[in-house]
Amino acid sequence: MDIYWLWLTALKGVGPVTLRNLVKEFGSPQAVYTASQEELKAIRGLRCQVAETILASRSLDRAKRTEEVMQQQEIKLLSFFDPLYPPGVNDFPNQPAVLYYKGNLRPPQASVGIVGSRRCTAYGKQVAAEAAAFLAQQGITVVSGLAKGIDSYTHTACLKEGGYTLAFIANGPDICYPPEHRLLMDEIHESGAVISPYPPGTRPRQEYFPLRNCLLSAWIDKLLVVEAAERSGALITAGYAMEQKRRVYAVPNSIYSPESFGTNRLLAKGAEVYLEPKQLVSLVGAQPQRQFADIDTSVQPSQHNITRKSHEKEVSMSLFSPQERLIFERLRINPEIPVFVRDLLDIFDGDSKTLLSLLCSMELEGKVMILGQTVREIRN
Amino acid sequence: MATVVNSFALDGVDAYSVIVETVTLHGQPSVNIVGMGDTAVKEAAHRLEAALSCGSFEFPRLKVVINLAPSGVKKSGSHFDLAMAVSLLHEAGQMLAIKEDLLEIAFIGELSLNAELRPVSGVLPMAIAARESGIKKLMVPIENYGEAVLVKGIEVYAFRTLVEVVNYLQGLLEYQSPVLSMTDRAPSEKDGLDFFDVRGQEVLIEYIVAAVAGGHNILMIGPPGCGKSMIAKRIPTIMPELSEEEALEITRIYSVTGHLRDSGYLIKNRPFRSPHHNASTNSLVGGGSPVVPGEISLAHNGVLFLDEIAEFNKKSLDALRQPMEDKVVTVSRVKSTGTFPANFMLVSAMNPCPCGYYGQARCRCTDYEVVKYRQKLSGPILDRIEVHKYVQPVGFLNLSDQDNGPRSADLRERVQKAREIQQMRFEGVPYINSNAQMNEAMIKEFCSLDSESTRLLSLAFEKFQYSARTYNKFLKIARTFADLEASEHIRKQDVSAALMARDMDKDRSGMLVV
């Protein structure tokens, strides 16, 4: 059966719209293959040229070769007829009628896309990872693009929480791009799926990415844009999502941060301000009880959280030894800038052994983080 | 009857006796050098001809045959020239000396066309071989004098020209030994290096001291320009003083590779070698034909510094594994085999990520890229490097008002003390003289922990998800930290200091990767 799908998609001049029409008229791609000239001519809106192409190219050799590769690589075909193909995507006839995927595809369910910059900051990483982990816990599909940066953190954080994640890529599903994501891709195959509009063997090219972005945005219910530069793929995805009437959330950040030009602009254009992961859940069908959660009520508990935590800190401060307290005072002068270990030596009159010993136990207790020769406080 | 004189040939870092036999026969005038010599040996014929005529001798118009025995072994080098010239002059009757006297002398040296003697490499091992084969006198070019007299128990005569040698052998010249002036010694670039100049890295220096004291290898990870190379260059200054024996071992290797040709003295500083990262495997471990020692042997008893270790060819690095364990390397070629000492401390440096600024705000490398970059170092090599420390750039502004670092001499004293403790501990155990070399059983015996330290260690393993094989490393380093303070037992502070010696492993647990 698959072979006729492969044959049909490979035909010149048969785009997704024509393909959908043809298959709907004949009932199956096999019927298109065996259709006579008269039958094809009878179809309204089918150009003569296309009909001739169909009649002229009856060879299945190429399709057979692709099918063999797919069997070897365990790549499966997903046609728009398939129940696994989300109806939401079928609303847009421009969307590819045939997809290639590897992994375990589940029936369509509530899903949220998280996209962002390849060259992201630590802030972006934190936001993406937090959101993905939260969605995974809620049992919502996390969708992203397997690119460097935000995409990879999204997938990874979701997998670590045991969630279900889909990756949309702009090359054949047999190719790993970027190559350092090999292990990540294998993990996604295990507990999710890697989906591509391109047949196996297709190498990634710049012009392939918009189609993948468009497919991604059509697949999801909501989109979170974490960080995006002025001209970036994430912005293109957001643009498609807005066209397709998906809800788009953008993460606010400094107006001077080059990584956030795009997201700040999205906010100006009317994207919703992302403040916490709960927002992504509230209106997704999977969680009906949260459907009408109000912004006001959803913000309050977390505020409460913060005050409670800082209160805890005050209490625990009194439990610290005087030297620990001195260290914390130093670390808090400017929490953004890590403090050099050597600059703390004077607290111990230059006794580095005792200082290191104390810092080590503080690190193990999760109070501070030591990176090389710098220390910073961990606040949570 | 042929005239027989002694010379030597090199085989790796050792020398063996070669007998130079010369005979003049009636026949067409010609010079034939037999005994499997290479091009340099074959060309000696022309040098001989020119040098003899220049030195107011007459080249015999006869068929000359020179044999280098043992004839079945390949020989190379130009240092047979002097021995050939002396034996030829004696055979031709132009030099009157008693044959038996000649047998007590060995000749080493290259001839110039003007009959001057030129320095050659490998004089030290040849002198050692000469002493061992019972030869009493050794004649060398004057430039090699300093090197040859390092060997006690043999008389060394140094000459400038062939005529001087011949005159001395005929008793026409009174020999005056040259005066060795220590000022001749070329100032080495290591003179004047001191940890005193390293500012603001006190904590890192503590770990360097521990690494040197325990014989651990070290990896410094840091952004460009943070002082990794500066620190590495100073590591030899805190290693214990070279013993006479060690110095001779080093000098011997340097003699063979031709590094001594001009300076020709005993090497007193520990070597510091820093090959560039495009070094071939053979240049690192040794190779070629005939086999010559590589960088790891040149770093024997010293430091091998591999800057940008991640950029080295993976195969070249993996070739270091076996020498790092055995402290010697055996290089085998079809026709020759060489065994060279290679007891070095590996000091390496690399950037933390592809852009080099990991941990700083400007770094945009993803965790996957960072992990992939670090995987360029294979597991077995990382396994042999016990101490991984991050180096952070010191704030440029407070560089000026900071105190200077500790003095190398003080650090060396601490190292020496810790080494003495280790020597006592491993007394009678062959091949093991530092904590780094401890095997499983020894770790059990010498690295017992109290309950508090065990708790600390297990807490760290839980938090940072260290692999099981790092466990022994922590114990070894902790042992060294305890030795530095002459503590018999490993205390809690030693364990916590050791826990902070594995920055890379700790970092791995914080990365968001599958």
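## Chain A meets chain B

The buried residues of H17(A) are covered by elements that include helix H16 (322–331), E11 and strand E12 (374–377) of chain A, together with helix H21 (492–499) of chain B. Helices here are DSSP runs of H or I with at least four residues, strands are runs of E with at least two, and both are numbered from the N terminus. This is a predicted model, in which local features need pLDDT of at least 70, side-chain atom pairs count only at pLDDT 80 or more, and totals for chains, interfaces and linings use all residues. Residues are numbered from 1 along each chain as its sequence is written, while chains are lettered from A and ligands numbered from 1 in the order in which they are written.

Stay with H17(A). Its buried residues are A:Leu355, A:Leu356, A:Ser357, A:Leu358, A:Leu359, A:Cys360, A:Met362 and A:Glu363. A residue is buried if 20 or more other C-beta atoms lie within 10 Å of its own, exposed if 12 or fewer do, and partly exposed in between, with C-beta atoms placed from the backbone. The 13 residues of H17(A) should span 18 Å at 1.5 Å a residue, and the end C-alpha atoms are 18 Å apart, so the two agree. The expected span is 1.5 Å times one less than the number of residues. After H17(A) comes A:Gly366, with a positive phi near 80°.

Now the two chains. 32 residues of chain A are in contact with 29 residues of chain B. Contact means that the C-beta atoms of two residues, placed from the backbone, lie within 7 Å. On the chain A side, at least two residues each come from helix H8 (122–137), helix H9 (150–160), helix H10 (182–191), helix H17 (352–364) and strand E11 (368–371). H17(A) gives the largest share, eight residues.

The table sorts three sets of residues by class. Nonpolar means Ala, Val, Leu, Ile, Met, Phe, Trp, Tyr, Cys and Pro; charged means Asp, Glu, Lys and Arg; the others, Gly among them, are polar.

| Set of residues | Nonpolar | Polar | Charged |
|---|---|---|---|
| Side of chain A that touches chain B | 14 residues | eleven residues | seven residues |
| Contact of H8(A) with H9(A) | ten residues | two residues | two residues |
| Side of domain 1 of chain B that touches domain 2 of chain B | seven residues | six residues | three residues |

H8(A) and H9(A) also meet each other. Among the residues in this contact are A:Ala128, A:Ala129 and A:Ala132 in H8(A), and A:Tyr153 and A:Ala157 in H9(A). The axes of H8(A) and H9(A) come within 8 Å and cross at roughly 35°. Axes are lines fitted to C-alpha atoms, for helices over the stretch in contact, and angles run from 0 to 180 degrees between N-to-C directions.

Turn to chain B. Chain B holds 22 helices and 18 strands. Buried residues make up 48% of its 514 residues. The C-alpha trace of chain B spans about 90 × 50 × 40 Å along its principal axes. An automatic or database domain assignment sets the domain bounds. Chain B has domain 1 (3–180) and domain 2 (195–429). Their C-alpha centres lie 41 Å apart. 16 residues of domain 1 of chain B are in contact with 20 residues of domain 2 of chain B.

One loop residue ends the tour. B:Tyr357 lies between strand E17 (345–350) and helix H15 (367–374) of chain B. B:Tyr357 counts as partly exposed because it has 18 C-beta neighbours inside 10 Å. B:Tyr357 and B:Pro223 are 134 residues apart in sequence, yet 5.3 Å apart in space, C-alpha to C-alpha.
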